[in-house]
Amino acid sequence: MATYDLHLNGGNNFVSIPLDMSGESYEDDFRVLFDPTLLNNSGTGYMYKYIIGQSQGLFNDNGSWTGNLNYFDHKRSYWIFSSSEHTKTFNGASITPQSLTYTLQHGNNFVSYPFTEDQPFGEGS
């Protein structure tokens, strides 16, 4: 098992999580991973307002999620709106970036960044 700490700033965050969280050993349901009833740091509103993937989304409707984004895909990226800065820890299996194959669709694609460390563009290995 591997862990990954995702730092979210207050506002919009374009993120990917470099873990495979599929299977029975890990939680991969966005509705569970991001608690819609969690309040922000000041206690004045909900922490998460929406999570948007490619052609999918979840929207916080007074403390419950509505939308069609169900499961996390480690090959995709997501827009997450957090109303406060915080860090969230995820558990999953390590992925081997070199073994990933991406299927691109016509137009824009929300593809993941499969590494745990920042790297200059074009130097990922």
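User: Does F81 count as buried or exposed?
Analyst: This is a predicted model, in which local features need pLDDT of at least 70, side-chain atom pairs count only at pLDDT 80 or more, and totals for chains, interfaces and linings use all residues. Residues are numbered from 1 along each chain as its sequence is written, and side-chain values use heavy atoms, with hydrogens and water left out. Buried means under 20% relative accessible area, exposed over 50%, and partly exposed in between, with a 1.4 Å probe and protein chains only. The relative accessibility of F81 is 18%, so F81 counts as buried.

User: How many aromatic pairs does a search of the whole structure find?
Analyst: Rings of Phe, Tyr and Trp (its six-membered ring) pair if their centres lie within 6.5 Å; planes under 30 degrees apart count as stacked, over 60 as edge-to-face and the rest as tilted. With the whole structure searched, the number of aromatic pairs is eleven.

User: Which class does the pair of Y50 and F81 fall in?
Analyst: The ring centres of Y50 and F81 are 5.5 Å apart. Their planes stand at 35 degrees, so the class of this pair is tilted.

User: How many residues apart are Y50 and F81?
Analyst: Strands (E, at least two residues) and helices (H or I, at least four) are DSSP runs, numbered from the N terminus. Y50 belongs to strand β4 (residues 48-53) and F81 to strand β7 (residues 78-82). The pair therefore links distant parts of the chain, and the separation is 31 residues.

User: What is the angle between the ring planes of F72 and Y78?
Analyst: The rings of F72 and Y78 form a tilted pair, with centres 6.0 Å apart. The angle between their planes is 40 degrees.

User: What is the relative accessible area of Y78?
Analyst: Its ring partner F72 is buried, with a relative accessible area of 8%. Y78 is also buried, and its value is 4%.

User: Which residues do ring pairs link into a cluster?
Analyst: F72 and Y78, the tilted pair above, belong to this cluster. The full set linked by ring pairs is F30, F34, Y48, F72, Y78 and F90.

User: Over which ring does the charged end of K88 sit at 5.8 Å from the centre?
Analyst: A charge sits over a ring if NZ of Lys or CZ of Arg is within 6 Å of the ring centre and within 35 degrees of the ring normal. K88 lies over the face of F34, at 5.5 Å from the ring centre. At 5.8 Å, the ring under the charged end of K88 is that of F90.

User: What is the bridge partner of I51 in β5?
Analyst: Two strands pair if DSSP finds at least two bridges between them. β4 and strand β5 (residues 56-60) run antiparallel and are joined by four bridges. In β5, I51 has as its partner L58.

User: Which residue takes a positive phi in the hairpin of β4 and β5?
Analyst: This hairpin has two residues between its strands. The positive phi, near 65 degrees, occurs in a residue other than glycine. That residue is exposed, with a relative accessible area of 68%, and its name is S55.

User: What is the bridge partner of N60 in β6?
Analyst: β5 pairs with strand β6 (residues 65-67) in the antiparallel sense over three bridges. In β6, the partner of N60 is W65.

User: What is the relative accessibility of N62?
Analyst: N62 lies in the turn of the β5 and β6 hairpin, which has four residues between the strands, and has a positive phi of about 55 degrees. N62 counts as exposed, and its relative accessibility is 66%.

User: Which strands stand at the edges of the three-stranded open sheet?
Analyst: The sheet has the order β1-β8-β3, with antiparallel pairing. Each edge strand has a single partner strand, so one side of each is left without a neighbour in the sheet; these strands are β1 (2-8) and β3 (19-20).

User: What is the bridge partner of Y4 in β8?
Analyst: β1 and β8 pair in the antiparallel sense over seven bridges. In β8, Y4 has as its partner F90.

User: What is the approximate area of the nonpolar surface patch made by Y102, L104 and V111?
Analyst: Patches are made of residues with over 30% relative accessible area and no salt bridge (a side-chain nitrogen of Lys or Arg within 4 Å of a carboxyl oxygen of Asp or Glu); like charges are joined within 9 Å, and nonpolar side chains (Val, Leu, Ile, Met, Phe, Trp, Tyr) within 5 Å. Accessible areas come from the Shrake-Rupley method with a 1.4 Å probe, and for residues only the protein chains shown count as cover. L104 is exposed at 57%, whereas V111 is partly exposed at 33%. The patch made by Y102, L104 and V111 has an area of about 250 Å².
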